[in-house]
Amino acid sequence: MPVKIKIEKKEKHTRARLGKLTTPHGEVETPIFMPVGTQATVKTMTPEEVKETGGRLVLSNTYHLYLRPGHDLVKEAGGLHKFMNWDGPILTDSGGFQVFSLGPLRTITEEGVEFRSHIDGSKHFFTPEKVMEIEQALGADIAMAFDECAPYPCEKEYAVAALERTTRWAERCKRVHKREDQALFGIIQGGVFPDLRERSAKELLAMDFPGYGIGGLSVGEPKELMYEVLDQLMPIMPEDKPRYLMGVGSPDCLIEGVVRGVDMFDCVLPTRIARNGTVFTHNGKLTVRNAEYARDFRPMDQQCDCYACRNYSRAYIRHLIKTDEILGIRLTTIHNLHFIQHLMQNIRQAIREDRLLEYREDFLKVFNAG
Ligand SMILES: CNc1nc2cc3c(=O)[nH]c(N)nc3c(CCN)c2[nH]1
């Protein structure tokens, strides 16, 4: 069993769990936030800096690495861990979300998805079998099955078709997935329809994957609707398997997801907004590139002890960003990753002490007031 979760403690008043996720590249604590390294790098960060901010498990993407530099090249380099010099666990997403996000540039059939590269418009064809070949060549510790992520909103008939295809494709992935040192996770779909979510979960649970992605969320639906879907879905999920809420999320969504029993998260938000000069602080978001910070010689967040907040002022970081100095977005990225990992550390501690609901209230009161 290359990947398994051991639940250390269940929080007394919620569905939250403290766990240890064991992988071929080491053990990590859950609930966990996974920084996104789409093209085999967490943008602007060295692996050491990702670790320094608290990152332990990083994500990369099949679609992007297949297009550039090619999975065969990565395999020749000794696999993704060696290629990107990351000695911790890696998870690769299957590209299901990417190729479906390409909109008119893709055609779905039962066999697979024909799509045009967003880079040069060249034609490609992903089947579950092809995606498994790519992910096995990349060699991540966790590989996601090739799924169809339904858009929001969508007709129930569309969500049914996407769910059914996702189940059939999951079977096809499982049939050809041979790599013993890599765990294949199924992905639950079903849109925002409780009965479809239950059906997708039951069909995939019957295939006994070592862990499950919860897909089809954080695709534009109201947050309350996402929470409702989780409230209905989580009770039927097995306790002894990791639940990975894909593409989530902002600090409030992370807390709400943990309260509902989610173990794993990934989101580009912290690193993406950092590159736009926006950072998370304990009392909300701060766009350090704004003129009001030109002569503000305080750190970005006075309660933060990250490298950026210990050594640089808002004025300096604003100056770097305004002059397109690369150090600027490196410092905002270091801060945002540290902020999110520190939040996850506080969440894990709150679970240990059975005070997650109090923590949620205290954190959101200040964070949302900002
Ligand atoms: C940002 N929101 C978001 N929703 C997702 C749903 C899926 C989803 O339903 N399937 C897959 N394979 N990936 C998803 C992703 C990418 C996660 N890195 C999502 N991201």
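## Lining of the largest cavity

The lining of the largest cavity is mostly nonpolar: eight residues are nonpolar, two are polar and one is charged. Glu-221 is the charged residue, because Glu counts as charged along with Asp, Lys and Arg. The model is predicted.

The lining residues include a run from Ala-150 through Pro-151, Tyr-152 and Pro-153 to Cys-154. Gly-191, Val-192 and Phe-193 also line the cavity. Gly-216, Val-219 and Glu-221 complete the list.

## Cavity count and volume

How many cavities of 30 Å³ or more are there? The count comes to one. The largest cavity has a volume of about 50 Å³. Rolling a probe the size of a water molecule over the atoms shows where empty space is left.

## The three-stranded sheet

Strands of a sheet pair through backbone hydrogen bonds, either parallel or antiparallel. Here three strands form an open sheet, and the pairing is antiparallel. Their order is 1-2-3. Strand 1 (4–10) and strand 3 (26–30) stand at the edges. Each has a single partner strand, so one side of each is left without a neighbour in the sheet. On average, neighbouring strands of this sheet are turned by 20 degrees against each other, direction ignored.

Strand 2 covers residues 17–23 and pairs with strand 1 over six bridges, in the antiparallel sense. Where does Lys-6 stand? Lys-6 is opposite Lys-20 in strand 2.

## A helix across the sheet

Helix 14 spans residues 326–352. This helix lies across strand 1, strand 2 and strand 3. Helix 14 runs at about 120 degrees to strand 2.

Conventions:
Residues numbered from 1 in each chain as written. Predicted model: local features only at pLDDT ≥ 70, side-chain atom pairs only at ≥ 80, totals over all residues. Heavy atoms only, no water. 1 Å grid on protein atoms, 1.4 Å probe; cavity = no way out; pocket = protein on both sides within 12 Å on 5 of 7 lines; lining within 4 Å. Points joined across faces, edges and corners; volume = space filled by probe spheres on them. Pairing = 2+ DSSP bridges. Helix = DSSP H or I, 4+ residues; strand = E, 2+ residues; numbered from the N terminus. Axes fitted to C-alpha atoms, helices over the stretch in contact; angles between N-to-C directions. Contact = heavy atoms within 4.5 Å.
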